[in-house]
Amino acid sequence: MNLPDLPFVAILRGLDPGDAAAVGRVLFDAGWRMLEVPLNRPGALDAMRILVDMAPPDAIVGGGTMLSVADVDAVAQAGGRLFVSPNCNPAVIAHARAAGMLCAPGVATPTEAFAALDAGAHALKLFPAESIGPAGLKAMKSVLPAATPLWPVGGVTPGRIPAWRAAGATGAGIGSQLFTPGVTLDELAQRAAAFAQAWRA
């Protein structure tokens with residue numbers, strides 16, 4: 001599994017299909033290569049299809065809040081290749097892995113982390129990151145396989161990136177700190193650049 005140089009997942013919750021092309025262009029131009037459209041808002045699959053069609057060859061677009069095998073199938077039919085969930089459901093993870101998706105299920109404990117890896121997860125979404133904290137990530141990393149990608153999700157800001165990296169984070173998922181419905185494209189570009197700069201500093 002080859003992860004992008006900028007290992008951030010843009011969580012585009014509430015993305016309107018009519019805005020998808022413009023939002024996607026800003027993020028792709030800023031070097032973001034993993035885009036997630038959570039399924040628990042209207043229009044998610046339509047927005048995802050637009051992003052899939054315009055994505056650069058090295059980009060991975062897919063779904064978030066994927067809770068069932070049916071969700072995996074729907075995302076696959078839309079061309080999505082990224083599986084993100086807020087929870088650890090081994091059967092759904094295995095189905096997504098069999099569908100050829102990059103799998104990043106949500107975990108909050110070592111028990112969930114090992115169950116997710118056993119089911120075929122490529123990366124682990126540490127969620128909710130606010131309650132786990134860098135100390136929790138560091139402790140979990142000490143018992144997991146050394147090469148496991150760990151992505152905190154929830155409340156991650158550019159200013160907190162150094163603390164997460166020092167604890168062992170290898171990427172992150174960025175939601176409302178990056179995108180909220182109605183954000184201007186200029187503001188989105190500034191936020192995307194700030195996160196990229198914080199990671200590369």
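## The second cavity

In the second largest cavity, the lining sorts into 7 nonpolar, 1 polar and 1 charged residues. Keep in mind that this is a predicted model. The space inside the second largest cavity comes to about 30 Å³, and the residues around it are Pro152, Val156, Ile161, Trp164, Arg165, Ala169, Gly171, Ala172 and Trp199. Helix H7, spanning residues 161-167, is the top contributor to that lining, with 3 residues.

## The largest cavity

With a threshold of 30 Å³ or more, you get 2 cavities. The largest cavity holds about 40 Å³ of space. Its walls come from Val9, Glu36, Val84, Ala104, Lys125, Trp151, Val153 and Gly173. Sorted by class, that's 5 nonpolar, 1 polar and 2 charged residues in the lining of the largest cavity.

## The largest pocket

Next, the open space. The largest pocket has a volume of about 290 Å³. There are 19 residues lining it, and the ones closest to its centre are Ile11, Arg13, Val153, Gly175 and Ser176. Val153 also turns up in the lining of the largest cavity.

What classes of residue make up the lining of the largest pocket? The split is 8 nonpolar, 7 polar and 4 charged residues.

## H1 against H2

On to the helix pairs. Helix H1 (residues 17-29) and helix H2 (residues 44-54) cross at roughly 40°, and their axes come within 9 Å. H1 is therefore oblique to H2. As for handedness, H1 passes H2 in a right-handed crossing.

On the H1 side, the contact uses Pro17, Ala20, Ala21, Gly24, Arg25 and Phe28, while H2 brings Asp46, Ala47, Ile50, Leu51 and Met54. Put together by class, the contact of H1 with H2 has 8 nonpolar, 1 polar and 2 charged residues.

## H3 against H4

Helix H3 (residues 69-77) packs on helix H4 (residues 90-98) at an angle of about 20°, and the two axes are 9 Å apart. Why do H3 and H4 count as roughly parallel? Angles under 35 degrees get that label, so H3 and H4 are roughly parallel to each other. Here too the handedness is clear: H3 passes H4 in a right-handed crossing.

The meeting residues are Val69, Val72 and Asp73 from H3, with Val92, His95 and Ala96 from H4. Broken down by class, the contact of H3 with H4 has 4 nonpolar, 1 polar and 1 charged.

Terms used:
Residues numbered from 1 in each chain as written. Predicted model: local features only at pLDDT ≥ 70, side-chain atom pairs only at ≥ 80, totals over all residues. Heavy atoms only, no water. Axes fitted to C-alpha atoms, helices over the stretch in contact; angles between N-to-C directions. Helix = DSSP H or I, 4+ residues; strand = E, 2+ residues; numbered from the N terminus. Parallel < 35°, antiparallel > 145°, perpendicular 65-115°, else oblique. Left-handed = near helix turned anticlockwise from the far one by under 90°. Contact = heavy atoms within 4.5 Å. Nonpolar A, V, L, I, M, F, W, Y, C, P; charged D, E, K, R; others polar. 1 Å grid on protein atoms, 1.4 Å probe; cavity = no way out; pocket = protein on both sides within 12 Å on 5 of 7 lines; lining within 4 Å. Points joined across faces, edges and corners; volume = space filled by probe spheres on them.
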